[in-house]
Amino acid sequence: MTTADEAYASPCTHSREPSLISFEVMPPRNPSAAPKFWGTLDELLTTRPDFISVTYGAGGRDRSTARTVVAELHHNAPVQPIAHLTCVGNSTTDVLATVSDYLDSGVRTFLALRGDPPADDPDWTPQRGGVGSAIELIHLIRTVEKRRCDHHPGEALRAALKPLTIAVAAFAAGNPAAGTTPEQEAERLLLKQAAGADFAITQLFWKPETYLRFVDRARRLGVTIPIVPGILPPTDVARLGRVTDLSGIEVPGTILDAIRDADTPEARHALGVDIGSRLARDVLEGGAPGIHLFTFNTARPSIDILTRLGRGPVLDPAPLRADLGDALA
């Protein structure tokens with residue numbers, strides 16, 4: 001049987017509490033999944049995360065439910081929600097309306113993404129007059145904010161008290177879907193920073209040096225914004241396959257073999273948590289500002305990793321209550 005040490009060799013022998021922790025969740029796609037989804041959020045909130053990002057789904061198909069989830073977090077949870085915005089599946093009019101809607105509700109933090117093409121349109125290109133890149137999306141969000149501040153003194157005051165924050169994606173290993181190298185992605189991150197990005201979250205990676213080299217490369221180019229490493233707990237082989245299909249980033253064979261060779265679900269979970277926590281420790285020791293965990297709406301792997309890092313649950317659950325029926329209709 002392949003061991004976790006063989007799957008992911010690490011010289012790190014002690015943990016460091018991350019200065020920032022955050023999660024990504026995906027809105028449920030049908031009402032029957034809503035109770036489990038809110039229960040997962042309740043569990044994640046016990047770790048007192050700094051923010052939770054809420055995905056939009058490929059092609060922007062979950063936008064209505066995402067707004068409901070972001071609004072619930074904003075109004076009723078002790079956490080900063082980040083609203084995903086994508087170019088794919090949205091016209092310029094859609095983006096303007098969505099940004100205004102979020103700002104009206106008090107949401108001040110966005111993640112600007114090109115987005116995954118819909119499964120039935122893998123060769124998606126922006127419609128004429130549409131938004132074609134994350135850089136264009138950043139400009140559009142900033143434009144909406146400026147116009148609101150210019151036309152209403154209350155908005156200008158709100159912006160002074162709580163500035164608009166825009167996060168972007170970074171591809172530490174390069175972006176296979178775009179055919180770019182890590183060097184090209186560092187250059188693109190510099191352009192995103194110039195457009196108005198405040199911090200970046202990386203797509204997943206499997207070796208700490210992938211992240212650390214990317215950050216070093218970006219810093220040498222002039223990128224100064226924080227770059228938060230995105231980490232996926234590798235506890236489920238099927239999920240790893242889906243992520244590879246979506247991102248094009250291959251999972252090392254040693255990790256796949258280790259998880260496949262585990263005899264029971266609990267053994268697979270333990271291996272995945274061990275691999276994920278070692279990766280997290282190494283990037284934190286290398287200077288990462290925190291870690292962002294892709295949960296796939298499953299709380300336990302992420303919480304167990306944080307517990308290994310000395311940042312386990314510190315709060316009692318305070319259940320969120322929200323009806324997703326209308327949003328999912």
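**Figure 1. Contacts across the whole chain.** Take the contacts between residues at least 6 apart in sequence: 81% of them join residues at least 24 apart. Keep in mind that what you're looking at is a predicted model. The chain has 329 residues, and buried ones make up 52% of them. Going through the chain, you'll find 13 helices and nine strands. As for the outside, the chain exposes about 14,600 Å², with carbon and sulfur atoms supplying 52% of that area.

**Figure 2. Inside the largest nonpolar core.** This core has 66 residues. Which of them touch the most other members? They are Phe-110, Ile-141, Leu-189 and Ile-291. Let's zoom in on Ile-141. If you skip its neighbours within four places in sequence, Ile-141 is in contact with Leu-85, Val-99, Phe-110, Ala-112, Leu-164 and Ile-166. Apart from this core lies another one, made of 14 residues, including Leu-204, Leu-232, Ile-249 and Leu-256.

**Figure 3. Strand β9 and its partners.** Strand β9 runs over residues 291-294. Its side chains take turns: Ile-291 and Leu-293 point one way, while His-292 and Phe-294 point the other way. Are these four buried or exposed? All of them are buried. Ile-291 may ring a bell, as it is among the residues that touch the most other members of the largest nonpolar core. Now for the partners. Strand β1 (residues 21-25) pairs with β9 in the parallel sense, over four bridges, and Phe-23 stands opposite Leu-293. Strand β8 (residues 230-231) also pairs with β9 in the parallel sense, this time over two bridges. Here Ile-231 has Leu-293 as its bridge partner, so look for Leu-293 facing Phe-23 as well as Ile-231.

**Figure 4. The two sides of helix α9.** Helix α9 spans residues 237-247, and its buried residues are Arg-239, Leu-240, Val-243, Thr-244 and Ser-247. Why do they count as being on the same side of α9? Because they cover an arc of only 140 degrees around the axis. Swing over to the other side of α9 and you'll meet Asp-245 and Leu-246, which are exposed. The buried residues of α9 pack against another helix, α10 (253-261).

**Figure 5. Where helix α9 starts and stops.** At the N-terminal end, Asp-236 caps α9. One of its side-chain oxygens lies 3.0 Å from the backbone nitrogen of Ala-238. What follows α9 in the chain? That's Gly-248, and its phi is positive, near 80 degrees.

Definitions and conventions
Residues are numbered from 1 along each chain as its sequence is written. This is a predicted model: local features need pLDDT of at least 70, side-chain atom pairs count only at pLDDT 80 or more; totals for chains, interfaces and linings use all residues. Side-chain values use heavy atoms; hydrogens and water are left out. A nonpolar core is a set of buried Ala, Val, Leu, Ile, Met, Phe, Trp, Tyr and Cys residues joined through side-chain atoms within 4.5 Å. Buried means under 20% relative accessible area, exposed over 50%, partly exposed in between (1.4 Å probe, protein chains only). Contact means heavy atoms within 4.5 Å. The arc is that of the directions from the helix axis to the C-beta atoms. A polar contact is a pair of N or O atoms within 3.5 Å; within protein, one must be able to donate a hydrogen and the other to accept it, and residues adjacent in sequence count only if both atoms are side-chain atoms. Two strands pair if DSSP finds at least two bridges between them. Accessible areas come from the Shrake-Rupley method with a 1.4 Å probe; for residues, only the protein chains shown count as cover.
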